[in-house]
Structure formats: C-alpha cells, structure tokens
Amino acid sequence: MKAKIVITPKKAVLDPQGKTVQTALEHMGYTGVAGVHVGKYIEIDLAPGTDKVAAATALDDAARKFLSNPVIEDYKLEIVD
Amino acid sequence: MRFAVLQFPASNCDQDCVHAVRVLGHPAELLWHKETSLGSADAVIVPGGFSYGDYLRCGAIARFSPVMQAVKRFADEGGLVLGICNGFQILCEAGLLPGALVRNRDLRFHCEQIYLRTDNFGTPFTSRTPRDKAIMLPIAHGEGCYFADPATLASIQAKGQVLWRYCDASGAVTDAANPNGSLLNIAGVANERFNVAGLMPHPDRASEALLGTDDGRSIFESMVDALQQRTAAKAA
C-alpha cells in the first residue's frame with residue numbers, strides 16, 4: 001500500500017517556476033497552455049497490514065502539519081493498494 | 001544579557017550571530033538543535049543558513065527539532081526571539097510568525113546590499129534604529145518572497161507588525177527596491193506580542209563598519225535595551 005501526496009502552490013501565491021515553464025512551453029511551440037503550476041509529489045510506502053482508514057487519517061494530519069504549508073500550498077492525498 | 005544562537009545541521013550564520021552579539025559586549029552561546037532546554041538564555045537568535053538542506057521547504061524540518069520546542073515555550077512565556085534569513089523562514093513555519101517565504105519572483109538567488117525602512121520603532125527589535133535614514137543590510141537568499149493571505153496582511157499592517165520594508169536609499173518603498181517580490185515590500189515582521197520577530201536581511205553580517213555597514217547593530221542593541229529594561233522592571 002502506498003500514499004500519494006500531490007502538493008501544489010495556492011493560486012494566490014506567485015509561482016515563478018510555473019510561469020517560466022509555461023513560457024518555455026510556448027517557445028517550444030506547444031500552444032494552448034493556459035497555466036502551469038509546479039508542485040511536489042511525495043510517495044510514502046506503507047508497511048504491510050497497515051489499516052487504510054487509520055493511515056489516511058494520520059497522513060492527512062502529517063500533510064497538513066508538515067508535508068505542506070497551508071499558508072502557501074494545497075495538497076491532495078490518495079492511498080492506493 | 002545572555003544570547004543563545006541555535007545551530008542546525010547546515011546553519012551557516014551561527015558564528016556571525018555569536019560575533020555580532022559579542023562585539024556589543026554580551027555573551028552568546030551556540031545551542032545544538034538536539035538540545036531540549038535553552039538554559040539561562042535571555043534571548044534567542046535563530047540564524048541563517050540552509051537548515052537540514054532546506055529539504056521539503058525552507059525551515060520545514062527545523063521547526064520540529066527538539067530545540068525549537070524549547071524556543072516555542074520560551075516565546076509563549078514572552079522571551080525575545082529573533083530569526084534571521086533561514087531563521088525567519090523557520091519561525092514562520094513554526095507558526096511563531098505570520099505568513100511564509102516563497103521563491104524569489106525572478107527565481108534567482110540574491111546576494112546584495114539593500115535598504116530597509118523601519119515601519120514601527122516601538123518594538124524590542126527596532127527601538128534603537130535611527131529614525132532619520134534607511135538602514136543598509138546585506139541579503140543572501142533564494143526564497144525570501146514574503147507571502148500572506150489578504151486578511152493576514154491587513155491585520156499585521158493594522159497592528160504594526162510589519163517592522164521592515166525594502167526601500168531605496170532615500171527611504172521610498174518602491175517596486176524597483178523590492179529584491180524578491182515580497183508583498184508590500186515586506187522584509188520582516190513581528191508577532192502580535194512583539195516578542196518574536198524575523199527578517200530576511202542579515203543584521204548579523206552588518207554589525208561592524210569594517211563589513212561595509214554597521215546598520216544591523218541597532219537591531220541587536222534594541223534587543224539588549226529591551227532585556228535591560230525588563231531586568232530593571234523586575235528588580236524594582
């Protein structure tokens with residue numbers, strides 16, 4: 001079982017990385033790009049036999065307190081088998 | 001007055017902070033991140049650097065170190081805490097200061113001299129700052145762009161918690177004088193009680209004329225003044 005956590009900058013926060021990647025895509029000729037947001041992806045391997053619901057609760061807590069900073073970032077947590 | 005200067009793996013301004021305090025004639029001691037007590041310190045400085053490699057986010061891991069739990073208790077009891085550069089990022093991550101620091105708007109690391117306007121002179125960090133000029137300090141950071149949501153920004157402005165803003169040599173707060181894209185040109189803030197403050201520029205690297213500017217000295221002198229006043233008030 002794995003936890004997958006995707007962290008992205010909040011829309012209100014300046015994202016110069018996303019902007020730079022967007023400009024580069026345009027320069028390369030990829031049209032129709034309306035916005036790019038560069039974030040982080042964290043994958044956590046869970047020990048065999050871990051309770052899925054308990055893991056989701058604990059990791060949601062960890063994502064809010066530590067893995068992301070709610071002042072500047074949003075996160076999405078998913079647990080997959 | 002005894003200063004404790006925290007030391008994390010990859011702190012790199014810890015010795016500068018110790019030196020800046022000692023040139024004022026006060027003792028300063030380094031405190032390793034695994035310590036759980038601040039001992040008899042009267043004030044704490046969280047120095048610059050790249051604590052824990054800046055992994056995850058700047059300051060995100062340092063925030064959970066044993067010594068930071070002691071710093072939180074110390075701050076809750078009213079103790080004076082100053083965070084410089086990475087120290088500012090750590091204090092924001094720890095929730096001791098409002099807002100957060102994100103990547104500079106031009107994605108570049110800025111290492112240069114800047115000017116600061118002091119917005120509130122009535123604090124333990126700014127009382128000795130000269131009223132008549134902008135102070136010149138060095139910056140050295142890649143992630144110093146101050147961000148807070150609009151409600152937080154309005155609140156810290158109304159309460160006088162914005163202590164320092166980037167300005168030009170004449171003291172004018174302009175976009176051209178903003179090195180990193182910080183909202184409202186904010187370079188440093190304090191908490192609501194004004195016993196915790198942080199800033200991206202380095203007063204520790206500007207405490208002697210030999211270094212090109214000793215304008216940073218006034219920030220440490222302000223802290224010493226505030227501590228001496230507290231001691232006098234206790235004795236009375």
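**Figure 1. What packs over the buried residues of helix H1 in chain B.** In this predicted model, the cover over the buried residues of H1(B) includes strand S1 (3-7), strand S2 (28-32), S3, S4 and helix H5 (217-235) of chain B. The helix itself runs over residues 14-22, and its buried residues are Asp14(B), Cys17(B), Val18(B), Ala20(B) and Val21(B). Look down the axis of H1(B) and these buried residues fall within an arc of 160 degrees, so they line one face of the helix.

**Figure 2. Strand S7 of chain B, covered on both sides.** Strand S7 spans residues 135-141 of chain B, and 7 of its 7 residues are buried. Ile135(B), Leu137(B), Ile139(B) and His141(B) point one way from the strand, while Met136(B), Pro138(B) and Ala140(B) point the other way. Both sets are buried. Next to S7(B) runs strand S6 (residues 110-118) of chain B, antiparallel and joined to S7(B) by 7 bridges. To find your place in the pairing, look for Ile114(B), whose bridge partner in S7(B) is Leu137(B).

**Figure 3. Strand S1 of chain A and its two antiparallel partners.** Here the side chains of S1 (residues 2-9) alternate. Ala3(A), Ile5(A), Ile7(A) and Pro9(A) point to one face and are buried; Lys2(A), Lys4(A), Val6(A) and Thr8(A) point to the other face and are not. S1(A) pairs with strand S2 (residues 40-45) of chain A over 6 bridges, in the antiparallel sense. One residue to look for is Lys2(A), which has Asp45(A) as its bridge partner in S2(A). S1(A) also runs antiparallel to strand S3 (residues 73-80) of chain A, with 8 bridges joining them. In that pairing, Ile5(A) has Leu77(A) of S3(A) as its bridge partner.

**Figure 4. Helix H1 of chain A, checked end to end.** How far apart are the end C-alpha atoms of this helix? They are 16 Å apart, and that agrees with the 16 Å that 12 residues (16-27) should span at 1.5 Å a residue. Pro16(A), Gly18(A) and Gln22(A) are buried in H1(A). Down the helix axis, the buried residues of H1(A) fit within an arc of 160 degrees, so they line one face. After the helix comes Gly29(A), with a positive phi near 100 degrees.

**Figure 5. Where chain B meets chain A.** The contact takes in 16 residues of chain B and 16 residues of chain A. Between them the two chains bury about 1400 Å², 71% of it on carbon and sulfur atoms. Which three residues of chain B supply more of its buried area against chain A than any other three? They are Leu56(B), Arg57(B) and Phe147(B), which supply 42% of it.

**Figure 6. A closer look at Phe147(B) and Leu56(B).** Phe147(B) sits in strand S8 (residues 145-147) of chain B and, at 8% relative accessibility, counts as buried. Leaving out residues up to four places away in sequence, Phe147(B) touches Ala12(A), Val13(A), Val71(A) and Ile72(A) of chain A, plus Gly99(B), Ala100(B) and Leu183(B) of its own chain. Don't go looking for Pro130(B) in this view: Phe147(B) and Pro130(B) are 17 residues apart in sequence but 27 Å apart in space, C-alpha to C-alpha. Leu56(B) belongs to the loop between strand S3 (43-46) and helix H2 (66-76) of chain B. With 24% relative accessibility, Leu56(B) counts as partly exposed. Its backbone is worth a glance too, since most residues other than glycine have a negative phi. Leu56(B) is not a glycine, yet its phi is positive, about 70 degrees.

**Figure 7. Cysteines of chain B, without a disulfide.** A disulfide here would need two cysteine sulfur atoms within 2.5 Å, and the count over all chains is 0. Why is Cys92(B) unpaired? Its sulfur is 11 Å from the closest cysteine sulfur, that of Cys58(B), which is too far for a bond. Cys92(B) is buried, at 8% relative accessibility. Cys111(B) is in no disulfide either, and its nearest cysteine sulfur, in Cys85(B), is 10 Å away. Is Cys111(B) buried or exposed? Cys111(B) is exposed, with a relative accessible area of 61%. Cys85(B), by contrast, is buried, with a relative accessible area of 6%. Cys85(B) lies in the loop between strand S4 (80-84) and helix H3 (86-93) of chain B, and although Cys85(B) is not a glycine, it has a positive phi of about 60 degrees.

Note on methods: Residues are numbered from 1 along each chain as its sequence is written. Chains are lettered from A and ligands numbered from 1 in the order in which they are written. This is a predicted model: local features need pLDDT of at least 70, side-chain atom pairs count only at pLDDT 80 or more; totals for chains, interfaces and linings use all residues. Side-chain values use heavy atoms; hydrogens and water are left out. Buried means under 20% relative accessible area, exposed over 50%, partly exposed in between (1.4 Å probe, protein chains only). Helices (H or I, at least four residues) and strands (E, at least two) are DSSP runs, numbered from the N terminus. The expected span of a helix is 1.5 Å times one less than its number of residues. The arc is that of the directions from the helix axis to the C-beta atoms. Two strands pair if DSSP finds at least two bridges between them. Contact means heavy atoms within 4.5 Å. Buried area is the accessible area (1.4 Å probe) that two parts lose on being put together, summed over both.
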